[in-house]
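Trainee: Could you take me through the open sheet of chain B in close detail? I would also like to know what lies around it, and how the sheet of chain A is laid out.

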Amino acid sequence: MFDQLSERLQGTLSDLRSRGKLTEADVDKAMREIRLALLEADVNFKVAKRFVADVREQAIGAGVLESLDPGQMVVKVVNERLAELMGGSGRELAFAARPPTVILMAGLQGSGKTTATAKLARLLIGEGKTAGVAACDTQRPAAVEQLERLGGQAGATVYSQGTERDPVDIAEWALGQARTAGLDALIIDTAGRLHIDEELMAQLAEIKKRTKPHDVLLVVDAMTGQDAVNVAEQFAAATEFDGVLMSKLDGDARGGAALSVKAVTGKPILYASTGEKLDQLERFHPDRMAQRILGMGDVLSLIEKAEKDIDASEAEELERKMRQDRFTLEDFLGQLKQVRKMGPLSSVLGMMPGMGKAMKELRGASIDDRELDRLEAIILSMTPEERANPDVIRGSRRRRIAAGSGTNVQAVKQLTRQFEQMRKMMKLMASGKMPSPESLLRGQLGARRR
Amino acid sequence: MPKSWADLLDLGDRDAAAAAPSPEDAPKRRGFLRRLRESISTSREALAAELGSSLFETLDTAAWEQLEEALIMADVGARTTAEVVGRLEAEVEAGRVEGGEAARERLVELLAELAEAGRGTIDLRPDPAVVLIVGVNGTGKTTTIGKLAWHLRREAGLKVMVAAADTYRAAAVEQLGAWAERAGCEIVRAETGQDAGAVVFDAIAAAEARGCDVVLVDTAGRLHTRHDLMEELAKVGRVIGKRLGRGPSETLIVVDATTGQNGLRQAKAFAGAVDLTGVALTKLDGTAKGGIALAIAGELGIPVKLIGVGEDIEDLRPFDAGEFSAALVGG
């Protein structure tokens, strides 16, 4: 996500960084590059123009050029401005003093409202709340069925009444039901509508009037272009939405639309959807995202993810084993599974400082989750003895393992060899000599150049 | 004269038993044309407002910049914009094009040339002709298929089969089922989670058995960055090739008009998995101008063939490069 934008900005800024002294012309050149990078990332034209003008003014005006390390200072300015553009430090949903908290979802057709509704329910349920979803998209064929299925999978109570009733009535009815059931939250899915469709916009305003939602979320497709701003302005006029949920941020979309919506309407991005699975919705942290774009990594998100997904006692046990050099392939398998719980490998690695650049170098190499499937298959084809002591794996065992895992002898050999290297590195780590992340990546994860 | 369905559909020696619009449809058709004018005029007005008529009279530095800005705001993209505006500027400077109205017309022409890359027709000559519809999530694949099925039956009297091969999204099959009913065409359904290739295989067999002329294949929306899903799509293409002894006669990528520069990446990635022959540009009834279609045509040589201009079943029509380009610059 935001990858290309990030790459381009990093390129431009590292140019500046390496300079001891900057002239106004240097800054101007960098600003032109930044403007182009922002436009290619679908940041709204006017927003990009203003952003660049602001950064330039600050960079040239505030004595930055005379400072000790002007390049670094410009980077700092860009970082701060970028975070500001995306909404400062993150904001939360407003929760009602008396439940249920009502959340109304709005957006264009195909922006991902129905999926986002189920994902949000799932996220709230994961936080220990109870949630219901109301199927008020009576327009798109089978939208109700889709929410019934996804909502059910998320563990939410689904309130649906088919497609014959008025969506406004369904919303009101669902609210009554949710109140009676004592749910913490009710999320209302609505039909996708064009921002210029007055009739449907009026209907949305009516649903809002009757259900008095605590939060109205506008779902915006991360791949949206320049029109995002028009859309957001129109929805703001009809419903005064409170925040944005950015969908489909898992592609290579540069998400400039998200930045622009915030800049133009002042409404923060609250959530970002990062995959097709129901649990792939995250709180959006603008400051962290800005750092990620600039390649400073997002260690905080990574730690939070790890805390959520990794079993603490298992991790401690693992650490002890690593220190004592008792780490086996069995442990490696466990570790592999833990890491995979955190999501696709590429998104996990993207959060690590310096890793953005390493990933770029490895592009064409497969940091591919299928590679991990293969590793798992190989280890699972080993006997417990072999897993504990890979040294015993020789010719005929290797052939058996290769056949059992549907791979080949080379792959088995490579795994055991990499495992050996990994143990060596762990010994180094235990003795306090930390290898670089890049070498860890190359050595351990089975990433092979294609 | 905008492009008609007869211009768009290449039926070969199939007898075009075009059903004449029945009388009770007539008022509905008038309504359709009105809506069409309205929907197109929204984007036209928007740009006309950006490009004041005086712009082409002065043609100074500020005017060129304003022109670039307008095209970028229409999602044409910085690169394609620079190319087109650069060419026009050169022609004006060389005195080959006058300022004023002539400059505007030349700009429309240049944009139209871009949009008219490649073969502009939809090839339905083979029997059955298989049309594969692909795209990222939420662009309107299923809706486009519903509308296309209706038009093929109505405009060319073709018997259409739709294959519900979106086996991933919950209720996608039901959604297509509802469209098939409206369009009055046959459908082969998949179970959620079933192999998409198998569904397509069945659909082609069923189409042959029931004498259908066209098979429209709906596939699951997928982000172009997901290698595994693109691989799966390539496999669907191979299944069709194996079953028919030839590839699909058309493979259309559905692109949402609100899509920004990412649309180019989408088209590139899909073209890597399947042999794209055209673009269906949807949701042009909003304020989005769909300039990304120009970038796709210009850079990848994949022409736009269909545009979606509304929510109703009749709201799909042949793409007309001249008209589209004129709308872009507010002509």
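Mentor: What follows starts with the sheet of chain B and works outwards to the core, the domains and chain A. The model is predicted, and local features require pLDDT of at least 70, side-chain atom pairs count only at pLDDT 80 or more, and totals for chains, interfaces and linings use all residues. Residues are numbered from 1 along each chain as its sequence is written, while chains are lettered from A and ligands numbered from 1 in the order in which they are written.

In chain B, an open sheet is built from 8 strands in the order β5-β4-β6-β3-β7-β8-β9-β10, with mixed pairing. Strands here are DSSP runs of E with at least two residues, helices are runs of H or I with at least four residues, and both are numbered from the N terminus. Two strands pair if DSSP finds at least two bridges between them. The edges of the sheet are held by β5 (186-188) and β10 (316-318) of chain B, each with a single partner strand, so one side of each has no neighbour in the sheet. With direction ignored, neighbouring strands of this sheet are turned by 25 degrees against each other on average.

At the β5 edge, the parallel strands β4 (residues 160-165) of chain B and β5(B) are joined by 3 bridges. Within β5(B), B:E186 is the residue opposite B:M161. Helix α7 (residues 141-156) of chain B lies across β3 (129-134), β4, β6 (214-219), β7 (250-256), β8 (278-282), β9 (304-308) and β10 of chain B, and runs at about 170 degrees to β6(B). For such angles, axes are lines fitted to C-alpha atoms, for helices over the stretch in contact, and values run from 0 to 180 degrees between N-to-C directions.

The packing around these elements can be followed through the core. A nonpolar core is a set of buried Ala, Val, Leu, Ile, Met, Phe, Trp, Tyr and Cys residues joined through C-beta atoms within 7 Å. A residue is buried if 20 or more other C-beta atoms lie within 10 Å of its own, exposed if 12 or fewer, and partly exposed in between, with C-beta atoms placed from the backbone. The largest nonpolar core has 198 residues, and those with the most contacts inside it are A:I188, B:A149, B:V162, B:A163, B:V215, B:L216 and B:V217. The helix that gives the most to this core is α4 (residues 70-86) of chain A, with 8 residues. Leaving aside neighbours within four places in sequence, B:V217 is in contact with B:V130, B:V131, B:L132, B:I133, B:A163, B:A165, B:V200 and B:A203. Contact between two residues requires their C-beta atoms, placed from the backbone, to lie within 7 Å.

Next come the totals and domains of chain B. Its secondary structure comes to 13 helices and 10 strands, and 53% of its 331 residues are buried. Of the contacts in chain B between residues at least 6 apart in sequence, 78% join residues at least 24 apart. Chain B is divided into domain 1 (38-115) and domain 2 (124-320), with bounds from an automatic or database domain assignment. Taken over C-alpha atoms, the centres of domain 1 and domain 2 of chain B are 32 Å apart. Contacts between them involve 14 residues of domain 1 of chain B and 19 residues of domain 2 of chain B. On the domain 1 side, α2 (26-50) and α6 (101-115) of chain B each supply at least two residues, and the largest share, 5 residues, comes from α2(B). That side has 8 nonpolar, 5 polar and 1 charged residues. In these classes, Ala, Val, Leu, Ile, Met, Phe, Trp, Tyr, Cys and Pro are nonpolar, Asp, Glu, Lys and Arg are charged, and the others, Gly among them, are polar.

Chain A also has an open sheet of 8 strands, ordered β3-β2-β4-β1-β5-β6-β7-β8, and its pairing is mixed. β3 (157-159) and β8 (281-283) of chain A are at the edges, each with a single partner strand, so one side of each lacks a neighbour in the sheet. Strand β2 (residues 131-136) of chain A runs parallel to β3(A), with 3 bridges between them, and A:G132 is opposite A:T157. Helix α7 (residues 167-181) of chain A lies across β1 (101-107), β2, β3 and β4 of chain A, at about 165 degrees to β2(A).
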